[in-house]
2 protein chains.
Amino acid sequence: MPAVDRPERRARMVMSSLVEPGDSDACRLVREHTAVELLRKLRSGTGAGSSKVARWMQRAAIADEDGLMHAADDVSARYVCPGDDEWQPALDDLERLESQPGERRGGAPFGLWVRGGGRLVAMTGRCVAVVGSRGSTPYGEHVATELAFESAGRGFTVASGGAFGIDAAAHRAVLSRDSPTLAVLAGGIDNLYPVGNAKLLESICAAGLLVSEAPPGCVPSRSRFLVRNRLIAALSQGTVVVEAALRSGALNTARWALDLGRGVMGVPGPVTSRTSAGVHELLRQPGTLLVTDALEVIEHISPVGEGLAPRKSGRVREMDLFAEASRQVLDATPRDRAVAAESIALVAGLEAEEARSQLLLLQAAGLVVRFSDGWALAPP
Amino acid sequence: MPAVDRPERRARMVMSSLVEPGDSDACRLVREHTAVELLRKLRSGTGAGSSKVARWMQRAAIADEDGLMHAADDVSARYVCPGDDEWQPALDDLERLESQPGERRGGAPFGLWVRGGGRLVAMTGRCVAVVGSRGSTPYGEHVATELAFESAGRGFTVASGGAFGIDAAAHRAVLSRDSPTLAVLAGGIDNLYPVGNAKLLESICAAGLLVSEAPPGCVPSRSRFLVRNRLIAALSQGTVVVEAALRSGALNTARWALDLGRGVMGVPGPVTSRTSAGVHELLRQPGTLLVTDALEVIEHISPVGEGLAPRKSGRVREMDLFAEASRQVLDATPRDRAVAAESIALVAGLEAEEARSQLLLLQAAGLVVRFSDGWALAPP
């Protein structure tokens with residue numbers, strides 16, 4: 001895809017302030033006709049017809065283009081478009097979902113407002129989304145912190161939504177090790193929402209990136225959060241839901257990730273916890289994977305054969321390495337008294353000769369002791 | 001399969017005291033040549049050759065047949081064989097696994113010692129195994145209690161291993177509602193092991209069944225627990241692991257259930273809990289299902305279309321039922337001050353006319369209030 005030229009870029013910035021973020025009709029029209037052309041029509045009053053286009057015209061008539069550019073300059077925001085060096089082509093995967101039935105669908109964005117020291121494409125080459133409940137528990141925050149910290153330590157950017165709870169825990173953990181993190185906002189990138197996270201979002205901006213489809217000045221709203229979620233899913237190779245109640249927005253992000261064919265993972269919790277109920281419901285869906293740590297997350301989102309997590313297997317006990325007959329003899333030998341090898345053989349279901357040779361091996365290993373009247377297990 | 005006759009039944013009882021429980025060679029030989037014939041050979045000293053057969057001969061030479069029958073009579077035990085009315089044919093599925101490679105395999109049992117008021121086939125028609133760690137936590141015991149109590153209330157027998165921890169919690173919950181439960185023991189059914197559960201096992205016997213492949217008098221051992229586990233898996237339509245550390249024996253039961261094509265389920269817990277680590281590892285395997293309550297368990301092990309659990313979806317909020325435009329208007333309307341419909345339309349990205357009609361609808365629903373200077377959200 002060739003980079004867009006200056007007039008087209010400026011027209012897209014203006015378009016982003018006329019249409020709802022993620023409006024799939026707008027995305028398609030810009031892609032097919034250019035924003036320059038679309039804007040010209042909206043301003044000249046031609047090409048109306050649908051009520052949606054009428055709304056855009058209404059907004060276009062009063063759009064403050066210079067104000068928008070100043071607001072962007074004030075926070076050193078830039079506008080990144082498909083075809084730009086900084087563009088993440090993985091975002092174009094959203095085009096596949098545009099025509100699917102169902103409301104609240106979003107299109108492949110025609111540009112993104114970004115703000116911060118990071119570069120979008122570089123930051124999202126290896127990227128995992130860690131999302132979850134705003135009303136998280138200390139358990140969930142602990143797990144989100146661990147996951148994000150360890151993922152960042154292995155070279156993965158952590159993307160999230162900048163919200164309270166799990167999102168904030170994940171961003172903070174990454175910042176604590178001076179690694180980059182990326183927050184995708186539902187409102188404008190100059191609108192540090194929620195206010196309680198303003199300092200956190202400033203830190204994210206300094207060390208990483210704030211990203212939004214909405215123009216500077218835009219306030220977040222429920223429907224904007226939902227279309228925002230598709231960007232979090234599209235920008236990462238996989239989404240991990242740490243804690244989520246049954247109706248959590250984090251599950252919406254996971255749904256987008258499933259639809260996009262990205263990795264979808266969940267961290268379980270107690271079944272008695274309401275904030276884990278949504279994760280458990282997610283993990284009952286095909287195509288999802290239960291994860292317990294960052295190594296398992298990275299294994300799942302890495303190309304086949306890379307990033308393999310060590311299989312969890314517990315401590316191997318000495319006894320596990322023994323032959324079946326040795327184990328049977330050990331099982332059959334009492335600790336509290338000595339018994340004859342023949343009795344041990346009978347209990348173990350072995351021939352006396354075999355039991356005797358096993359007892360000698362086990363004696364050499366220090367696991368059984370020979371007394372004048374027979375054999376007993378060595379003290380623990 | 002025809003019922004075995006009296007001499008064959010008695011010969012199998014004796015065979016059960018000569019061979020290790022689950023010995024697949026013994027299972028196959030009895031099936032192919034009858035226990036009467038096998039025992040005759042062992043006693044006449046013919047047919048030796050393999051060291052295993054030599055062991056059986058050694059034991060056959062000193063077998064106390066009358067003592068065995070008395071021990072069984074003393075606890076009112078009976079011996080149930082394939083082809084008997086009481087036999088559970090699902091046990092014969094184990095035949096499929098006999099020839100698979102790997103050690104510690106067990107065969108399809110040629111008979112089972114049972115003790116108690118229940119009838120094996122009737123009790124296991126609808127049966128779920130609830131198994132888990134002996135070193136359980138209060139969380140695991142709580143969940144096991146809930147699962148077992150609710151499963152029993154829906155007509156399912158709960159099978160387990162009679163051990164401390166999860167097993168005991170499951171058995172106890174079922175007994176508390178006077179429903180039948182079944183314990184499969186690794187030692188003889190007269191050997192109430194562990195001693196600390198003796199009273200519990202007596203109650204299980206009174207209200208349900210104790211089952212074992214091993215003869216009266218047999219002591220449990222590590223290898224006997226492992227072959228015992230296959231009977232728990234085979235007797236139930238599905239196995240739920242409630243809590244299990246990475247090397248828990250409960251995972252061995254789950255493995256048998258997977259190999260048998262039975263349902264394999266796990267109850268998650270905190271990823272910070274060692275006693276849930278084995279369950280989580282299990283739930284990362286294909287063919288397993290995360291469950292959070294008895295309804296989900298029953299849905300999974302019931303025939304397709306039966307026992308469906310209600311989909312967990314949380315409370316549906318009034319707002320979810322609204323059209324997109326209504327939600328956008330609600331999102332765009334402030335609570336703390338009144339604003340003109342035109343401003344709301346602009347924020348919502350709607351035409352003024354559409355916003356006005358939505359506001360009127362929302363007013364009728366009592367969700368927004370009209371003031372002289374505009375609209376505001378109704379107080380919560």
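Trainee: Which helix is A:Ser24 found in?
Mentor: Helix H2 of chain A, residues 24-33. Keep in mind that this is a predicted model.

Trainee: What makes A:Ser24 count as buried?
Mentor: The relative accessible area of A:Ser24 is 15%. Buried means under 20%, so A:Ser24 qualifies.

Trainee: And which residues is A:Ser24 in contact with, leaving aside neighbours within four places in sequence?
Mentor: A:Glu98, A:Arg105, A:Gly106 and A:Gly107. The cut-off there is heavy atoms within 4.5 Å.

Trainee: Over to strand S3 of chain A, residues 127-131. Why is S3 called largely enclosed by the rest of the structure?
Mentor: Because 5 of its 5 residues are buried. Look at the two faces of S3(A): A:Cys127, A:Ala129 and A:Val131 sit on one side, A:Val128 and A:Val130 on the other, and all are buried.

Trainee: How do you know that S3(A) pairs with strand S4 of chain A?
Mentor: Count the bridges: 3 of them join S3(A) to S4(A), residues 157-160. Pairing takes at least two, so these strands pair, and they run parallel. One of the partnerships is A:Ala129 with A:Ala159 in S4(A).

Trainee: What does the chain cross through from S3(A) to S4(A), and what is the handedness of that crossover?
Mentor: Helix H7 of chain A, residues 138-153, in a right-handed β-α-β crossover.

Trainee: What makes S7 of chain A a partner of S3(A) too?
Mentor: Here 4 bridges join S3(A) to S7(A), residues 238-241, again parallel. With at least two needed, S7(A) therefore pairs with S3(A). In S7(A), A:Val241 is the bridge partner of A:Val131.

Notes: Residues numbered from 1 in each chain as written. Chains lettered and ligands numbered in written order. Predicted model: local features only at pLDDT ≥ 70, side-chain atom pairs only at ≥ 80, totals over all residues. Heavy atoms only, no water. Buried < 20%, exposed > 50% of the residue type's maximum accessible area, 1.4 Å probe, protein only. Right-handed = clockwise from strand over helix to strand, strands pointing away.
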